Amino acid sequence: MKNWLIRAVSLYVFNVVVLLLIGLLMRSVAVGWNALWAAVILTLATLALKPTLLKAFRGAAAKSTGSRTKIGEKVVQYVLVFVVELIVWVLTVLLSGVNVSGWFWGYVLPPLYLLLAWVIYDQIDDRIEAKTGEVIGSVSARVGRRNAKASAPSSSPSPSPAAKAGRDELNDGLTPEQRRMLDEL
C-alpha cells in the first residue's frame, strides 16, 4: 500500500508539472488551473489503464512479429506507449477542462510530450520511490522507538514509602492519617 501511494503521489506531481509545461509550450493547448484535475485523471489512467492497454497491445504485437531485435523491440514499445498516451490524452481532454484547438497540435503533439515525459519518469521513478521509502522508513522507525520508550516500564528502583504516600496523597487528596481513619470506619 505504501509503495502504491508513493508511486501515485510522485506520478501526480510529475503529471502536474508536465501538463503545465505542455500548456506553456503549446499555444493550441490551454491547461491553466485545470492541470490539477487533469493530472488526477492522467495519473489514474496511467496507473489503471496503461498496464492493461500495454499488455493487450504487446500481446497483439508479439503475435504479429516473428523475429525480434532489441532495437525493433524498443521501437515497438515506444510506439505502443505512444498509442496508450494518445488514448490517455484524449480521455484527459474529454474528462477535464483542458481546451485543445487543432487536430495535430492539440491531439498528436501532447502525447509525444507525454511519451518523452514517460521515458524521463521511467528513468527516475525507481530512485524517487527508493528515496521516499527511505524517508518514510526512518520516520516510522523514529516514531516506533518513541512509542516503545513511552510504553516500556521504567527500570528505576521501587519507590520509597514516603514517595508512595506522596503519590497517594496527590491521587485522592487525603493524608495518610485521614486515609487510616476512613479505613477504620
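## A look at the predicted fold

The protein has an accessible surface of about 12,800 Å², and 65% of that belongs to carbon and sulfur atoms. Accessible areas here come from the Shrake-Rupley method with a 1.4 Å probe, and for residues only the protein chains shown count as cover. This is a predicted model, so to speak a confidence-filtered one: local features need pLDDT of at least 70, side-chain atom pairs count only at pLDDT 80 or more, and totals for chains, interfaces and linings use all residues. Residues are numbered from 1 along each chain as its sequence is written, and side-chain values use heavy atoms, with hydrogens and water left out.

On confidence, pLDDT is the predictor's own score for each residue, from 0 to 100. The mean for the protein is 75, with 76% of residues at 70 or more. Among the elements, H1 has the highest mean pLDDT (83), while helix H5 (residues 161-172) has the lowest (65). Where pLDDT is low, the predicted coordinates should not be read in detail.

Now for the layout. There are six helices and two strands, running α-β-α-α-β-α-α-α from the N terminus. Helices (H or I, at least four residues) and strands (E, at least two) are DSSP runs, numbered from the N terminus. Of contacts (heavy atoms within 4.5 Å) between residues at least 6 apart in sequence, 72% join residues at least 24 apart.

Of the 185 residues, 27% count as buried. Buried means under 20% relative accessible area, exposed means over 50%, and partly exposed is in between (1.4 Å probe, protein chains only). A nonpolar core is a set of buried Ala, Val, Leu, Ile, Met, Phe, Trp, Tyr and Cys residues joined through side-chain atoms within 4.5 Å. The largest one has 23 residues, and Leu19, Val29, Trp89 and Val98 have the most contacts inside it. Helices H1 (2-25), H2 (34-64), H3 (70-95) and H4 (103-151) each give two or more residues to this core, with the largest share, six residues, coming from H1. Apart from it lies another core of five residues, including Phe82, Val108, Leu115 and Trp118.

Three residues show the range from inside to outside:

| Residue | Helix | Relative accessibility | Class |
|---|---|---|---|
| Thr43 | H2 | 5% | buried |
| Val9 | H1 | 46% | partly exposed |
| Trp105 | H4 | 52% | exposed |

Leaving aside neighbours within four places in sequence, Thr43 is in contact with Ala8, Leu11, Tyr12 and Asn15. On the same terms, Trp105 is in contact with Met26, Ser28, Val29 and Pro110. The C-alpha atoms of Trp105 and Arg27 are 8.7 Å apart, although 78 residues separate them along the chain. Val98, with the same neighbours set aside, is in contact with Val29, Ala30, Val31, Asn34, Ala38, Trp89 and Val93.

Val9 also belongs to a nonpolar surface patch of about 820 Å², together with Trp4, Leu5, Val13, Val17, Leu21, Leu24 and Leu25. Patches are made of residues with over 30% relative accessible area and no salt bridge, with like charges joined within 9 Å and nonpolar side chains (Val, Leu, Ile, Met, Phe, Trp, Tyr) within 5 Å. A salt bridge is a side-chain nitrogen of Lys or Arg within 4 Å of a carboxyl oxygen of Asp or Glu.
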